[in-house]
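Here are my notes on the model you sent, set out as numbered points. They begin with side-chain contacts and then turn to the chain as a whole.

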Amino acid sequence: MAMAEPPRKQYKRIEELARPKPLPAGFIEDKRSVYSESKIVKNNHQAPTKFILTDRLEQLCEPKPYHYDFAQDRPSPKWPVTPAAQKAAASTVVENLAKPKAIHRDWVEGRPVQTVVKPGAKNANASERLLQLSLPKKVAANAVMEEPETPYNEGISKINPAALKAVASTRIETLAQEKQTHQSYLPPCPVQSIVNPKTMKAKASAHIVQLARPKDRKELEENPNVWKVSAGAKAAQASQRINELSAPIPRKVRAKKATAVPV
């Protein structure tokens with residue numbers, strides 16, 4: 001199936017956008033990049049630019065001199081040994097210093113990760129005692145297993161009929177008694193308080209009834225504007241004594257900082 005061609009107007013617009021940007025008048029091409037290999041190298045018959053170094057640049061280009069105590073590396077790891085040094089005999093102190101450090105007398109070599117079994121242990125025969133100890137534990141003959149029987153059930157021993165009819169001594173009965181609580185021990189209080197029936201039938205006295213009454217606010221009921229300040233109280237002036245008592249303590253008075261008044 002052939003694709004439908006775009007409209008003529010749209011086709012002309014795409015061609016117009018695909019055109020390269022024209023070069024402006026007086027355009028000078030940039031210098032060729034040193035790192036680019038895609039541009040064509042033009043034939044330039046002019047001689048290259050000659051650079052002249054100053055005395056300071058020549059001084060800076062010189063390598064750093066060696067230190068006066070510098071010694072060159074050895075030409076080889078092997079260096080010549082004099083015949084006298086080859087025939088020299090070491091003293092007793094040098095021989096003692098040349099000996100390796102002795103291992104501590106209690107030092108034990110580390111065990112290997114894998115245990116090494118000796119051939120004699122592999123061919124050894126177990127004694128009768130070892131065979132007897134290796135047998136599983138036997139269940140007592142007088143034990144009865146629980147039902148259903150599982151590997152985790154434990155045996156229940158049978159009790160001799162004579163032991164069932166035995167009479168305990170006085171000492172055993174004394175030891176079998178439970179421990180008595182302390183004489184000052186009090187059991188925990190119940191969550192729900194139990195009221196005595198006599199308390200529920202009690203009658204309050206006249207004084208208790210009087211104390212149980214809420215405080216009457218007769219003034220508010222008779223005069224709703226009881227908190228209103230009178231005109232005479234508003235125009236009253238405090239006496240000299242009241243002014244003295246209302247003044248702050250001198251040692252607690254701080255001098256106010258003078259602030260500049262904006263003009």
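1. Which residue forms a salt bridge with Glu16, and how far apart are the closest N and O atoms? The partner is Arg13, and the closest N and O atoms of the two side chains are 3.8 Å apart. Please keep in mind throughout that this is a predicted model. Because a salt bridge is taken as a side-chain nitrogen of Lys or Arg within 4 Å of a carboxyl oxygen of Asp or Glu, the value of 3.8 Å satisfies the cut-off for Glu16 and Arg13.

2. As for the setting of this contact, Glu16 and Arg13 both belong to helix 1, which covers residues 8-18, and they are three residues apart, or about one turn of the helix. Glu16 counts as partly exposed, since its relative accessibility is 47%, and Arg13 is likewise partly exposed, with a relative accessible area of 45%.

3. Searching the whole structure gives two salt bridges, and another pair to examine is Arg241 with Glu244, where the closest N and O atoms are 3.4 Å apart. Both residues lie in helix 13, residues 240-246, and they too are separated by three residues, about one turn of the helix. Arg241 has 52% relative accessibility and so counts as exposed, whereas Glu244, with a relative accessible area of 44%, is partly exposed. In general terms, side chains of opposite charge can pair when their charged atoms come close.

4. On aromatic contacts, the search of the whole structure returns one aromatic pair. Its members are Tyr66 and Phe70, whose ring centres are 4.9 Å apart and whose planes meet at 10°, so the pair is classed as stacked; the reasoning rests on the cut-off that planes under 30 degrees apart count as stacked. Tyr66 is exposed, with a relative accessible area of 67%, while Phe70 is partly exposed at 44%.

5. A nonpolar patch on the surface is formed by Leu53, Leu57 and Leu60, which together have about 280 Å² of accessible area. Leu60 is found in helix 2, residues 55-61, and with a relative accessible area of 54% Leu60 is exposed.

6. What does a search of the whole structure find for disulfides? The result is zero disulfides. Among the cysteines, Cys61 counts as exposed at 57% relative accessibility, and Cys189 also counts as exposed, at 71% relative accessibility.

7. Turning to the chain as a whole, its secondary structure consists of 13 helices and two strands. Of its 263 residues, 1% count as buried, where buried means under 20% relative accessible area. The accessible surface of the chain comes to about 30100 Å², and carbon and sulfur atoms account for 57% of that surface.

Terms used:
Residues are numbered from 1 along each chain as its sequence is written. This is a predicted model: local features need pLDDT of at least 70, side-chain atom pairs count only at pLDDT 80 or more; totals for chains, interfaces and linings use all residues. Side-chain values use heavy atoms; hydrogens and water are left out. A disulfide is a pair of cysteine sulfur atoms within 2.5 Å. Buried means under 20% relative accessible area, exposed over 50%, partly exposed in between (1.4 Å probe, protein chains only). Patches are made of residues with over 30% relative accessible area and no salt bridge: like charges are joined within 9 Å, nonpolar side chains (Val, Leu, Ile, Met, Phe, Trp, Tyr) within 5 Å. Accessible areas come from the Shrake-Rupley method with a 1.4 Å probe; for residues, only the protein chains shown count as cover. Helices (H or I, at least four residues) and strands (E, at least two) are DSSP runs, numbered from the N terminus. Rings of Phe, Tyr and Trp (its six-membered ring) pair if their centres lie within 6.5 Å; planes under 30 degrees apart count as stacked, over 60 as edge-to-face and the rest as tilted.
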